[in-house]
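Dear colleague,

Please find below the structure that I am handing over to you. I should be grateful if you would read the notes beneath it with the coordinates open.

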Amino acid sequence: MSRRDDTIDLEEFGRFSEPALLILVSLADGPKHGYAITEDIAAFADVRFGPGSLYGAIARLESRGLIEALDSEDRRNPYRLTAFGEKALRARLTSMTAVTRIGQRRLASA
């Protein structure tokens, strides 16, 4: 896998690429704590991650600078998308859109 410019390819996360992508999508509309991320993903993707998968992916995203922890007002720890995370998410979604278009076009002629 190669990087273009300073972007990160979410596929580098291996089997954690889906949780990483869904977490970034969840945080795209504003900061959330873990439980709120889990509920949001369940609502829009019909996928529910256990705490290990969720917080493992959050730790990887945070270590790579794609998300950052915010100060906590209570015992919940909110996270937000960084500018770098937004750039990576936009790039990934653009790539997925292109693949989707090609797949739909090919299925239409199948």
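The notes that follow go from the overall fold to the sheet, the core and a few individual residues.

Please bear in mind throughout that this is a predicted model.

Overall architecture

The chain contains four helices and three strands. Along the sequence these elements follow the pattern α-β-α-α-β-β-α. Of the 110 residues in the chain, 33% are buried. The accessible surface amounts to about 7100 Å², and carbon and sulfur atoms account for 49% of that area. Taking the contacts between residues at least 6 apart in sequence, 45% join residues that are at least 24 apart.

The sheet

The three strands form an open sheet in the order β1-β3-β2, with antiparallel pairing. Strands β1 and β2 (67-69) are at the edges, and each has a single partner strand, so one side of each is without a neighbour in the sheet. Strand β1 is joined to β3 (residues 78-81) by two bridges, and these two strands run antiparallel. Helix α3 (residues 51-63) packs on the sheet, where it touches β2 and β3. The direction of helix α3 makes about 105° with that of β2.

Lys32

Lys32 belongs to strand β1, which covers residues 32-33, and stands opposite Tyr79 in β3. Is this lysine buried or exposed? With a relative accessibility of 13%, Lys32 falls under the 20% limit and therefore counts as buried. A polar atom of the Lys32 side chain lies 2.4 Å from the backbone oxygen of Ser26. Beyond residues up to four places away in sequence, Lys32 touches Ser26, Leu27, Ile37, Asp40, Asn77, Pro78 and Tyr79. Leu27 and Ile37, both in that list, reappear in the core described next.

The nonpolar core

The largest nonpolar core has 19 residues. Which of them touch the most other members? They are Ile23, Leu24, Leu27, Ile37, Ile58, Leu61 and Ile67. At least two core residues are supplied by each of α1 (17-27), α2 (34-45), α3, β3 and α4 (83-108). The largest share, six residues, comes from α1. For Ile58, once neighbours within four places in sequence are set aside, the contacts are Ile23, Ile37, Ile67 and Tyr79. Tyr79 is thus a contact of Ile58 and also of Lys32.

Two further residues

Glu18 is located in helix α1. Its relative accessible area is 45%, which makes Glu18 partly exposed. The C-alpha atoms of Glu18 and Ala57 are 9.3 Å apart, while the two residues are separated by 39 residues along the chain.

Asp46 is in the loop between α2 and α3. Although Asp46 is not a glycine, the residue has a positive phi of about 55°. How accessible is Asp46, and in which class does this residue fall? Asp46 has a relative accessible area of 72% and is exposed.

When you inspect the model, you may wish to begin with Lys32, which is buried and lies in the edge strand β1, and then turn to Asp46 with its positive phi.

With kind regards

How values were computed. Residues are numbered from 1 along each chain as its sequence is written. This is a predicted model: local features need pLDDT of at least 70, side-chain atom pairs count only at pLDDT 80 or more; totals for chains, interfaces and linings use all residues. Side-chain values use heavy atoms; hydrogens and water are left out. Buried means under 20% relative accessible area, exposed over 50%, partly exposed in between (1.4 Å probe, protein chains only). A polar contact is a pair of N or O atoms within 3.5 Å; within protein, one must be able to donate a hydrogen and the other to accept it, and residues adjacent in sequence count only if both atoms are side-chain atoms. Contact means heavy atoms within 4.5 Å. Accessible areas come from the Shrake-Rupley method with a 1.4 Å probe; for residues, only the protein chains shown count as cover. Two strands pair if DSSP finds at least two bridges between them. Axes are lines fitted to C-alpha atoms, for helices over the stretch in contact, and angles run from 0 to 180 degrees between N-to-C directions. A nonpolar core is a set of buried Ala, Val, Leu, Ile, Met, Phe, Trp, Tyr and Cys residues joined through side-chain atoms within 4.5 Å.
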